[in-house]
Every structure is written in structure tokens, then in C-alpha cells.
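Thank you for making the time this morning; I would like to walk through one model with you, going from a single pair of side chains outward. Please have the sequence and the structure in view as I speak.

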Amino acid sequence: MILSYFCIYYLHIEIGYLIFTILLRMKRKKLFNLKGLFTLVMSVCVLAVSAQNITVSGTVTDETGMTVIGATVVVAGNASHGTLTDIDGNYSLSNVPSDASLQFSYVGMVTQVISVKGQSTINLVMATDAKLLDEVVVVGFGTQKKVNVTGSVSAVSAKDIAARPINNVTEALQGVVPGMNFSTGSGGGALNSNKAFNIRGTGTIGAGSNATPLVLIDGMEGDINMINPQDIENISVLKDAAASSIYGSRAPAGVILITTKSGKEGKNVVNYNNNFRFISPLNMPKMADSYNFALYFNDAQPDGNMFSDAKLEQIKAYQKDNSAQSMWPTSSNKWEVWDNLELLPVGNTDWLKTHFGNSFTQEHSISLNGGTEKLQYFISGNYLNQGGLLNYGDDNKQRYSLNAKINSKLSEKVKIGYNARFVRSDYDAPSYMDGLFYHNVTRYWPIIPVTDPNGFYTGDSKIYQLTDGGRYTSQQDQLTQQLSFLVTPIEDWNINVELNYRTGNNFNHTDWLTTYAYDVNKNPYVYDNATSGVSEYAYKSNFFNTNIFTDYTSEFGDGHTLKGMVGFQSELYNDRSINASKNIVQSINHPTLNTAETNPQNTGGYGHWSTMGFFGRVNYDYVGKYLAEVNLRYDGTSRFLQDQRWNLFPSFSLGWNIAREEFFEDYTDVLSNFKLRASWGELGNQNTDNWYPFYRTIRYNKNNWGGYYLGEWLLGGKRPNIATEGSLVSALLTWERIRTTNVGLDITMLNGRLNGSFDWFRRQSLDMVGPAPELPATLGIGVPRVNNLNMESSGFELVLSWRDVIEDFNYGVTFNLADSKQKITKYPNPAKNLGDYYDGAYLGDIWGYTTIDIAKTDEEMNNHLASLPNGGQSALGSNWMTGDIMFADIDGNGAIDGGEGTANKPGDRSIIGNSTPRYNFGLNLDGSWKGFDLKIFVQGVMKRDYMAGGMMFWGGDGGKWQSMVYEPHMDYFRNDANHPLGENLNAYYPRPNWNDGKNRRTQTKYLQNAAYARLKNVTLGYTLPAEFTQNCSVSNLRVFISGENLGTITKLSKMFDPEVLGVGGWGEGKTYPLSQTISVGLSVTL
Amino acid sequence: MKKINILTALLAILSIGLVSCSDFLDREPLDQLTPGGFFASEGDLAAYSINSYAFASIQPGQYGISTFGYDNGTDNQAGPSGSNIWVPGEKKVAASGGAWNFSSIRQANYFFDNVLPKYEAGTIVGNQSNIKHYIGEMYVIRAYAYFDKLQNLGDFPIITTALADQEQVLIDASKREPRNKVARFILDDLQKATEMLKDEPPFGKNRISKDVAHLFRARVALYEATWEKYHKGTALVPGGEGWPGNAEDIKDFNIDNEIQHFLTEAMKDAKIVGDKMVNNLTANTATREGMDSNFNTLNPYYVMFADVNMEKYPEVLMWRQFVDGQTTHNVQMELERNGGSSGWTKGLVESFVMSNGLPIYDPASGYKSDVGVNNTLDGRDSRIVIFTKKDGDVNYYYADGSANIYTKPLILNSSDTRAITGYTIKKGKHYDPEQGEIHHKGTTGSIVFRGVEAMLTYMEASYEKNNTIDATADSYWRAIRRRANINEDYNRTINATIMANEAKGDWGAYSHGELVDKTLYNIRRERRNELIGEGMRWADLKRWRALDQVKNYHIEGFRFWNTPYETAYVDANGKSLIKVDPADGNVSPESVSEYLRPYQIVSINNSFYNGFNFIEAHYLEPIAQSNFRQTSTDKSDLTKSIIYQNPGWPLVAGQGAK
């Protein structure tokens, strides 16, 4: 099995290598030798050369008889052979094969291909491209002409996300959809960690509920990370309540509608594409070397030195010559690592660099589609094999997907569709790779060598734990089946019936095996997991969803169009799970429950929820000029008790396309679309974390697994069952509501070259579930949550895009910018206690002290303290001296303190920044020229403050076990000219003292500017000329090279990545690094 | 067309079927218990009560020396840094949290609210005596929680039911009751407990027993009696000058009657346990090591504190067990291998008399000298001898039977493994190399209640009450001294006691700034010496009001200067590692003392360099700021709260007491 695995692995590498060599060769020859490349790749093809060539000329006009200036005329299939029409609309093109075709194209006009058939004059009337006007976007339970949309909708097409070396759809959307915000998940860049996202900023700060966008895949709720990106036809993001209210109480935070590809009538088309990715860690902080580390630790230790002069000499000696002695034995013949200061090792290791390195990923996709008028099919398969960055103890992930869709016309009036989609995701990593691992690997001392003097890995290197300490595997399967009927009893009346069913299965396995370290005499001893164990987790979910809706369109003549839709939707979700574990694995090769001996533990449970809703929509349209839409949804959910289960959610929107007014008629070529939009709507939120928020329960743990824990007070040598009172439930609990007002403007100018869209919104999250008014401690249990928070999010989204053709150069620029900020408008914190939100606070406000500077001398500090006669800085700490921070007396009370810790009495604290990412932007540049295409994508945040804390920022923070030194930490205050590192009076960091946090307050000096711009992607592709490829029945062959996360501009501290702020279970920044990817691949269409 | 209609109709029926299903949206939890159905059986009660155990003990997974270091920061024992208790102004009011917390009290009250009606109705299924026992346990648990409040905060609300989440109800319930009422309430709970608990609880002494309730009841009564006696007249006692409470609440309060009452109760309950203990104290063979290389017991008294199974010692009334594969700790990693970041003080070591019963300063004592730990401990009360690591003692045994030897105090180690004073703690130390060297292998038990305390309590309570050593106290005292291998005749010690000498190293020599009488002092000395390393000292010092005189007090350790230790710390090249430097030295200078002063080594970052100082406010903890806000009629005005702050403390976070 292992052998076959390797074979496949190497085969893939070779394919990757082949393509790589081709690209290298292209580079070396400078001039791209197309013929050579072609021969290499498609050597089976035979070149066919055409015969006679002639000159063709003519005039191009539009429908009104105006000449078209600058239209492109090329020989079909040879983009490099062409010309442009002149100021009179004339063109002339020589050397045209008499049997060739000419392609005429112009922005905003329908492209036409005319066979030359020996003619020397071809005059052409180009038609305005009605497609632009007919372009439709997917909206709730239907589609709508883009020009008629009155809500706030962003559309993303397949080509916007194609060809990027991304691992899932979420990654593709970052920076592409204005108003969508992304944050790195708790696992950092680990393969099983997905990015989280929201639409228009935090939707709720309510505890116990979430406002994550509803993701619908072909009309059914689904997992955005469990779909093959190649299967996607388009994505619509519904941002305001008017657009999303049709989905009722599951959609208050917006909706992402994913439509997958369907079969198309016509010949069978086969597409194969792949890519091979070379991955390396991104922005990994650098640990200080052993000597710098030791000096820092000596200075950070408040009492005396940890490293004696002799030890420092040994460290230096080893740095010079790594054959010098690096480790010393303890009295029990183990290698001393941590404790006995005289015997500490003197290695020089960067643990992050040791553990994280390069890796390789590959992806292959194939699709077939075609059909007749009666029956169309689409079948696709995808295989993604991701390699992780771990250097020891491989981590990897595979995704397999198989998708088949059949659409059939049963009769003129009935269409039936069936779609089955299977996705499997396999994740496999060392069981030791958890939060503790990141915690350890980021704080382990550089003096610990990777290998001991006998050549074994040191126990503390954690390498044996990664390689031999057991595995965590997770298999996730999802099978989605969708059956749909479309009945059209009479023209313009459609009845849709959709029956959707999804089953999900998870099986997770963890085993932890005994690992050994080696003593001085090379004898192994137990290092970790003295008791081996195995645990299994199984989870199954069933989701059944019915959508029945019908619409009728009626045109009344005189340009009045009325469209009505009513429908019904229900969802039922149920799940069950089983957990089991046992200890003492008998066979390390087969760690299963059946092969483990002792301490069986198990848990299992069931859950369910359901929703039901009735909805309706009326659209009115007068010649595309006046537009109106009304939505209503009456929604019920199982999450609430009967008396408040049902709720009505309305929304309204209006549009006015001024460009359609008569007075604008003459300017439509300059301004063809100028639409003002406004909408208002309200939605409820039933997305409570607890599926039964109204039921009080007793927590009774009879097992020690799966989130349940037995007691730790042993009885008779065993952990006992434990029970405790469950959380209180307030009688006042009810729905959260989200109300959105949106005003927008869409414009299309200059024959469709320039498109723009602007939205301003205000979203009120009302009656969010939050902490009750602070209650006296005599309650003795967590205060039950009630609906008592209001928040208002407001902001804007702007998209500007430009698309044009200059000769053969077709290019486009899309810039999007979005902003939102959230203000708390009601919060049960009348005292405005700063530990919590309060009325008027903005989400992300950072309260901190104002730094004057680091005191460079004792005298400077003493003078400063003397200027504060009412207590100096003693409220913040004691023993102030040189190298400590001098804080500013903001409130002028003659002392530095935190006041009463409230917004009204904050003492010397003030709002020094805000951590909400503001002005998120994306810039997409693309261009194509003679078969080459280039895409450059930059994404970033223009404004963000951040106060990082913990060891990764401060270095010495919480004693020697919780401190570590990275290179930037070495810029710390030293006032001793004889210090081995020299004096450093203008240091960034204050004098280190890992026991005393008085200098490590949130303060202006250390507030980070977390704004950034990241070169997210650059893709360069080349499509071989069709004249070559067609001869071997390849209609399209494209090769490309693409880079992801190529560069970043930021002022943020080097310890952090701007996309990974606030991540790390064991402390800020202690997580798996993000990665940088270079990929190459090809796409062949037959 | 027909076909299609049928199809459409079928689909419509299917969907209507879903709609009409009226209970489609009724979805209750499928796998969780609701409160109504719980507390129905013996097992439910057992599971609830064991989850409420919050007794001071070694904690699972704990590093450091745990309970054996709980006396750090007192005159007994020193940690790597002093406590901010000793720097007026440095200990500050917290923004939130702290002792003003009712979660464990609610946990008990919720139990009573639900269980007592069912118990009285006789509807709880199972062994009725066990059911009764578990209810009794919950009374001990509530009493234990309340005693913590009494010690830390004094006056405290008395709440006997799980309150609803209604602000006014909770504010009303926040009213502080005078501490004597709190103490009486605790004694009432414990009285009920003694009536319900079994002598032999299910699972033996891992659970609360009747004797535990008696012992604890005596502890509480003695605490309150002596507190009221010594703090009498101050703001820290109801009715005292400056007491912030409400005069109406102490209408019938007579402090002297109250003291007598508590002393009587203390004697009564202490005697019940003491009489069982007096002839059952664990034998002390006074051998240098407690175990041989096969971990066989050489000295039962020593091993009692480090045994993996403590069930066999009658003196252990309750203990917490640790089992590999279930829960373990890491306490032996420090106890066995290093200084544990702690150490006995010079004052403590010197308070132990010679085995002939004479204090070391007595001309006839035979005390050798304090040059070297072995000399210091030669001929002394065996408790300090067996519970201190002496040069040449065994740290632990290797698998081959050879020993890892403690050669000298590890005073230069980094602070978490350092022998802070040079006198290294040996109490609770096992000899198992696995527990010492491998993480999460610690399985030595943790004593929660030890019967000998009842005897000490009786001795002290009876003397405080009657000013004499009665026959019971006499027999107890002799038994304790006999077990310590010192001359039984306590009068020999009393007569030789010079209070001025004792006062130097024993804060317990004082109450309210004055020296106590020799007999009382020697009762206190006995208590101190018997309970070293058991975390009882701080409570004793507070209730005796023994800290008023602490001014610029320097904690000292072993004698370093002018002993062989001066030259014992060298590197591989024979170069001395000793450094005297207020910036980054590692020992205190000879100029300040011949004895190691752990807080006078380095002056930077050190608030204790000039010694310990105490102010009265520090006898009680401050209540955190948030509680005044939460109980105030005007949330932005802390002074409108129903709660009053403890004397000397401000309301606002970040400020210290005056």
C-alpha cells in the first residue's frame, strides 16, 4: 500500500516537474518558442498548413449607421493576426487565408465571426450586445436581470475564481466580494482550519447566537468548504435584507447562493485541468539565536542570572563550532534540558524553522458535459491532495468529489433535474499537533538541540511525538441529492418543486502512542503518553429540505410588468453521534478500540431542529425604468417555544433607472445605466448555538469523553460521575432581529467599459441575546441571557471596473472597497464598565494608556514620578526605574491609574485605536494578449489598529516557562554600556522583566498598525493557438503559473501575520503558519 | 398531461403532509436530562455532591509543591517572592472577582432546594442511609464555602436558597450579616451534617465522614472564638470601633458570651474526634529516611504524608487519591528533586525544641550550632528533622536501588526549583523516581483533614476558655509530644520558654502586638510545629491577630555566611558561583545577616527589600469594585451600594488599603 502511494506521489511530482521544465525552458530561451513547446506537449498532433492568402478590407458600423471606431478585426483562431478600425470605421487586413474567418469584436457589441470565402471586402453592421442588458443574476428562488435588481447583490462568476491555487471556495472569495470579511480560523494555516467570514461586518455580538451567512448550494443549505470550486458556475452574495429576506430567519446575516454548472446542449466537451503547488511557510517569525536568547533571559529574570558566564561561553563556543559539547547528563543519566542551570544544553535551534518547511500539493479535475435538447448532463470529478508544512510527522489532506447532474425535458411543460454530489475530505495529522504543540514549539528555548550527542532526537524537540506519537484522522463525507421539477402549465407560469436531501458522515480517529526519548546511555525511556490510547468519533447528520414555489409573470402592455412568486420551504435536520475511547493499545500498527485494553469510555447523543416558512414576492417593472419589489416571509422554527415560534419578516425595495428616462436617450452610449436603488427589510435570527435554548438541563457526566468529563476527585481509584446545575434560562428570551436599510447606485458608462456600483447601508441588530443586566454576585451562577443588545453596523461598498481592448490587448481593472463599523447602541452596562461593551462603544475599541516614553535614566523616571504627586504610577505597579514606561497623566489627577475602569471614569486610559479591519479592498488587474493572460490580485485592509499581547509580542511574559525571544525582542532597553549587546537607550521594548507586567499595559507606544496590502495572487497563463490544437481535437489548451501570497506591505510587528491576528488557542500567535504557494498547471478542453 | 398532473399532485400531498404535521416544529432535547427528573436516585445525589468538593488539596496536573507550599509568605515558610500582603498599598482592590463569589454556595443551595422536598417525601430511590449521607455532605460543602468567606471577608450574606435572577431580590440578599452570625450559621450546617453523615462513608475516606464534620466544626468554632477575642473592639469585629455594619443587626450581641459559646462548641466537637485520635496517632520511628529503596515504610508518620494509599492511617480522616491513568499530579517532581521554590524559615526551624523538651536557647538544651543543616537539626524535635532535607539525605531511589542524594541546599537554582531559605521541605516527599522524573506520574495522596488537628484545637480552645490545661488537653498534648519524640512533659518546655527569644522567629508569640503567656505560646508552638507545610499558618496568624507588630521584618533562612556553605557552590573549574550584588547577586550580603535573607538579595524589582510590613486592613480581603456597582441603586455611584467595604479598604479598583 505504501509502495503504491509512493508511486502515485512520484508520478505526480514528475508531471509537475515536466511542466516546470517547460516553463523554465521558455524562460531560458527568452523568446517563447511556441513551436518547440507545442511539439513537446502535443507531439502527436500534425500540423496542417493552409494555402492562398488575400487582403480583406471594409467598414464597420453600428445599428444606427454610425461608424465604429477601434473595433478589433482578427483572423479567427490567430489572435496575433489582426487590426483595428480607423476613425471612419475602415479596416484593412492583409495575408488572410482565403478560407479563414474574421472575427469582429468591440466592447458592448456582439462579437461576430464572418467566413472570408475569398471575399476581399466585408462590411459589417455590429449589433449592440443585448447580453449586457440581459445579464441575469441569481437571487432567492429565481433569477433576475441584473439591470432590474433593486437589492444589494454581488455576483462572482466562475472565471473570477478559476485557476487560482486555492483549497476551497472561501479562499476564492476573499477580496473579490466587497463587504465580505474574512478571518483566519483558530487553527491558523493548518490544513483543517477554514477561514471564517461574514457579510458587512459582525452581525451579532449576542452570546449564544451567530450571524454567519447562509450558504445555499443550488438552493440547499450546504458547506462552502465541501464543494469543488471547479463545479461552480456562479456565486451571488445577497447582502441586504431586501435580497435575503425571502430566506427568512436563517438568512439575517446575508446569503451566499452558489450555482453549480449544468450540462449544456451541444457536443460533448471534456475538460481536464491540474495544478501542482509548491508551498512554503509565510511570515514565520525568527527566533533569537542561542546567545542572544541567553542574554535576554538573564536580563528578563528579575532576580539574578539564569545563565552564568561559563554557560554563556559554552553557548558561544557551540555557535562557533557545532562539534563542541552541547548537552550534559543529569545525575540520573538523562540529558538535562530545563532545570539544572549548570547543565543546561547549549544548542542553537530555531524551533519554528525546524518544524515547519516546504510542501507540495496537487489538484486534478475533469469534467464532461453535453447533451441534446431533451437531455443534458454534466459530470465532474476532482482530486485535491494537500501537503502540510510539518517537517516531521506528515500532515496532509485529500478531497475527492464526484458530481453528476442530469436535466431532462419530460414534455413541453415539465422539466426534471437530478443532481448527486459526493464530497469526501480526509485529513491526517499527528495527534500531537494540537494547541499545545504550537504553544511548545513557539516557546521552546533555542539552546535545546534537535539531536542529542548520540544522534537521537531530543525528547523536547517533540519530533518523536510527531512521528511516533499517534495519528489524528478525520474523514468527512457528504452526499447531496437534489431532485427538482419545473412545471410550466401555461406560458409565464412556473411551478418549482425541489426535494433536497443531504447526509453527512464524520469519522474521526485519534490514537496517542507511547513515545520514548533516549538517555545518555542510549537507553529509551518513556517520554510521553505512558498510557497509550485510542478514541473514535462518529457523527451522522441528515438534512431534508423541501422548496416549493411558483411564479407568474404578466406583461400588461405599455411596459408594465408584474411578477409574483409564492412558496413554501421546510427544513429538518437531525444528527447523532457516538464517541468511544480506550486505553493501552496492544498493537501500535493497529490502534483501534478492538485492540485496546482498558478504561472504556463512551458517549453518544441525538439532536434535531426544524424550520418552516411561507414566502412571497412581487416585482413590478415599468420599462426597466421604475422598479419595485416586495418580499414577505412568515417563518417558524423549532428553536423557540410555541407562543413565539412564528414571525413575519417584510422587505421592500425600489429602483429608478434614470438612464431610461427620455431626456437621457441621446446619451445612452455614454451612460447606459444609471440606477438608484433603495431597500428596507427586517429579518429574525434563529441561529442559536443551543438548539434548545428554552430548556433547562442538568449537566450529568457519566463518561470521560467527547466534551464530557468525569470528576477529578477519585473515589475508590476511579473518576466518578458528576452532575451540576445547568445554565439558567430567562423567561424573556425571544428573537433577535436584524433590520437593514440600503441605498445604492449602479452605473454603466462608455459603452459598458466602465461599470460602477455603490451601496451604503445601515444594519441594525436589535434585541440580540446578550448578558443580562449585570446582576449581583449573590445569584451564584451565570446570568441568563436575554434579548437586550442593539448594535448598528453601517458602511459602504464600492466597486469600479474598467474593461477595454487596445488592439490585441484586452484588459480590465476591478477595484472594490468596503467598509463597515459597528456601534453598540444598547448594552446592559449602565456603569459603562470597560471590561464589557457599553452604549456608544464601537466594536474593537482599544482602551489604553498613553505612553510618554521609556525612561532613559533613573532621574528621568524620578522626575516623572515627582510630577505625579498623588500616587505616581503605583496603581500600575511598583519599583519604577530606568527602562520602564512613563505614562501620561491624561486625567490630570496627579497619578497614573485606571480610574474606576468605566468609560466615564477611565482614569488615564482613553480609546487609542480600534481593531476592526476598516476599508477592506481588493484590486484585480487582468490582461490578455495573443494567448497570454495575466491576472494580478491585491487584497488588504487600509486601517486597523491592534494591540497584541502575550509572549509572541512581548518576549518575556510570565516567567521563564512562558517567555521566548524572537529577533525583534532583542531591541529592548539596556542602559549598561558594558552589556555584551551594547547600550540601547532608544529601544523599542522596555527593560524586560517576565514577572512584572507593569510595562506591558495596552498603550499607545505598542499599538500596532495592522493595515496591510497583500499580493494575493499573480497568474500568468498561455493558451496555445487554436490553429495548432484544433488539429488534434483539442479545442483549448492553456498552461499557467500562479503564485499565492507573494508579498505583503505592512507595518505590523514581524511576530505576526496581518491575516492571523488574534489566533492561537494557547496565546496570541501560537499557531500554524499560513503559506505561500507557487503553482503550475494546465487546462485541456477536448 | 395526465401523468404530470398525478406527479404534481403527489408532490403537493407530500409537502402538505409536512405542513400539516403540527408537531414538525416541536423539538425537545433528545439526550439531556431536565431538572425535574433529576435528584431521583442515590446515584444522582452522589454525582452532584462529589462535583461540589472544593477542599484544599493537591490539584490534578499541578506543578510545584502545592499544599506543601501554602504556608509560603508567612513566618513559617518562604516562597521565591514575598506576598503583597506585606507591603501596605501594594495589595489592591480588584476590579472584579475575588472572595465575594456565591457559586459554590448556590451549588449547595440548588441541591437543598431540589433534594430536601424529595427527601422529606421519601421519593428518592436507593440506599436511604447513603441518601442521608450525601445530604449531610452537602451541608459540609456549604459550611466549607462559608468558612472561606468568613476567613477572607468576615461579615457576609447568609443565603440558603438558589435565588432567582431578579435584581432586587439579589440586591436584598447581598446585605452582609455580622460575622458571628455567619459563624453560627456554619456551625448549624455542620451540626446537621454530623447528624446525617455516616462514620464509614461510601468509598471510604475519599469522601466526607461524620468525623470530618466534627473536626471542621471545631476548626470553625475556634477560628471565630479567637478572632473575636483578639480583634475585639476593632473595626474587624461586630460592634467594635469603626465596624462598618449596621447596629441593628447586633442588637442582642454580647461578644464575650459569643466567644464563650464558640469555645464551648470547639471543645465539644474537637473532643469527639480527639478522643478517637489520642491513642491512634501514626507511629513515628524517627528514622532518617521514611522509605527504603523498595519503598517499604521505615517511618509510618513520614510516609503518611506521601503515601499513595492513605486509607490505612486512622489519623487521616479524609484524603484525595491520585491514580495513574485517572488523575495525577506533578508535585513529586519538585519535592523529590529540588528545593521546590520554598523553604522553612529560620524562625520556624528554631521554634522546634530539643528532644529533651528544652528550647534551643536554653543553656541545658544541648543544641549544637547552626553551622550546617545537619548540626542545626541534631537532637531536635523529630518533626523538623524528618521533614527537612539534610545534606546527605536521599532524594529518591533509582530502579537499581541506588540513591539520588541531596548534597546541599539548592539555593542557586532558578526560582521555581530553588531552596529559597536553604531549609528544604521534605514533608510529603515520596522516593519513587518515576513520580519524580516523569510528568503526570504523581500519585501520592493529598491529606484533606488530619485528626491530630482536633487534639490541637481542643488544647487551644480549652486553654482559651478556662486558662488551664485540663486532663483531656494534658493527654492530648503528651500524645502529640510522644509521637514527636520529645519529652512528654510540656511544663519542662513552658518553664524554659523565654518569650523575648521566641518573639524573634514566631509571630504567634504575639496577639494584638503583645506577647502572650508562655503556656498559650507553647500550645500555639505545638500547633505550628505539628502542622508545618499543611497550609494552616496564615489562618492562625490572622485569628490570633499576630501580625500587628510586623514592621520591617526580615525573613531569614539557614546560616550561609561563616559556614562551609560559603565555599560549597563552585563551577566545574572550582570558581565560586556566589555573587553578592544588589543588581543581580544570588545571596544576601553578610553585612545584613549571617543568615540567608531571600528578599534582600537583589534590590531591583523588589518591594520586600526592606522587610515585611503589615497593616490592620490586611487581616481581611477587600471586596472587588464590581460588587458595589452591581448592588448599587445608582450604577455609576459605588457608594450607593447595600454592601459596605471591609475596614481600611477603598471601593475603587487599583487602590490599596490605608
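**A salt bridge and its surroundings**

Let me begin with one pair in chain A of this predicted model: the side chains of Arg421(A) and Asp218(A) meet in a salt bridge, with 3.9 Å from N to O. Arg421(A) sits in strand β21 of chain A, residues 414-430, while Asp218(A) belongs to the loop between β13 (214-217) and β14 (220-221) of chain A, so this pair ties together parts that lie 203 residues apart in sequence. If you ask how many salt bridges there are over all chains, the count by this rule comes to 96.

Staying with the strands on either side of that loop, β13(A) and β14(A) pair with each other in the antiparallel sense over two bridges, and within this pairing Leu216(A) has Glu221(A) in β14(A) as its bridge partner. Both strands belong to an open sheet of five strands in chain A, whose order is β10-β15-β16-β13-β14 and whose pairing is mixed. At the edges of that sheet we find β10 (153-157) and β14 of chain A, each of which pairs on one side only.

Now to another sheet in chain A, which is open and has three strands in the order β4-β1-β7, again with mixed pairing. Its edge strands are β4 (90-97) and β7 (124-126) of chain A, each pairing on one side only, and neighbouring strands of this sheet are turned by 35 degrees against each other on average, if direction is ignored. Strand β1 of chain A, residues 53-62, runs parallel to β7(A) and is joined to it by three bridges; here the bridge partner of Asp62(A) is Met126(A) in β7(A).

A hairpin in chain A is also worth a look: strand β8 (residues 136-139) and strand β9 (residues 142-145) pair in the antiparallel sense over four bridges, and Val136(A) has Lys145(A) in β9(A) as its bridge partner. Two residues lie between the strands of this hairpin, and Phe141(A), in the turn, has a positive phi of about 50 degrees.

Let me move over to chain B, where helix α7 (residues 210-231) and helix α15 (residues 452-466) pack at an angle of about 35 degrees, their axes being 10 Å apart, and where α7(B) passes α15(B) in a left-handed crossing. On the α7(B) side the residues that meet α15(B) include Leu215(B), Ala218(B), Arg219(B) and Leu222(B), and on the α15(B) side Glu453(B), Ala454(B) and Thr457(B) are among them. By class, the contact of α7(B) with α15(B) holds six nonpolar, two polar and five charged residues.

Finally, how many residues of chain A are in contact with chain B? The model has 90 residues of chain A in contact with 96 residues of chain B, and the area buried between the two chains is about 8000 Å², of which carbon and sulfur atoms give 60%. Within chain A, Ile698(A), Trp713(A) and Thr778(A) lose the most area to chain B, and together they account for 11% of what that side buries. Between chain A and chain B the count is six salt bridges; Glu437(B), for instance, forms a salt bridge with Lys334(A), in which the closest N and O atoms are 2.8 Å apart.

Technical notes. Residues are numbered from 1 along each chain as its sequence is written. Chains are lettered from A and ligands numbered from 1 in the order in which they are written. This is a predicted model: local features need pLDDT of at least 70, side-chain atom pairs count only at pLDDT 80 or more; totals for chains, interfaces and linings use all residues. Side-chain values use heavy atoms; hydrogens and water are left out. Two strands pair if DSSP finds at least two bridges between them. Axes are lines fitted to C-alpha atoms, for helices over the stretch in contact, and angles run from 0 to 180 degrees between N-to-C directions. A crossing is left-handed if the near helix is turned anticlockwise from the far one by less than a right angle, and right-handed if clockwise. Contact means heavy atoms within 4.5 Å. Ala, Val, Leu, Ile, Met, Phe, Trp, Tyr, Cys and Pro count as nonpolar, Asp, Glu, Lys and Arg as charged, and the others, Gly among them, as polar. Buried area is the accessible area (1.4 Å probe) that two parts lose on being put together, summed over both. A salt bridge is a side-chain nitrogen of Lys or Arg within 4 Å of a carboxyl oxygen of Asp or Glu.
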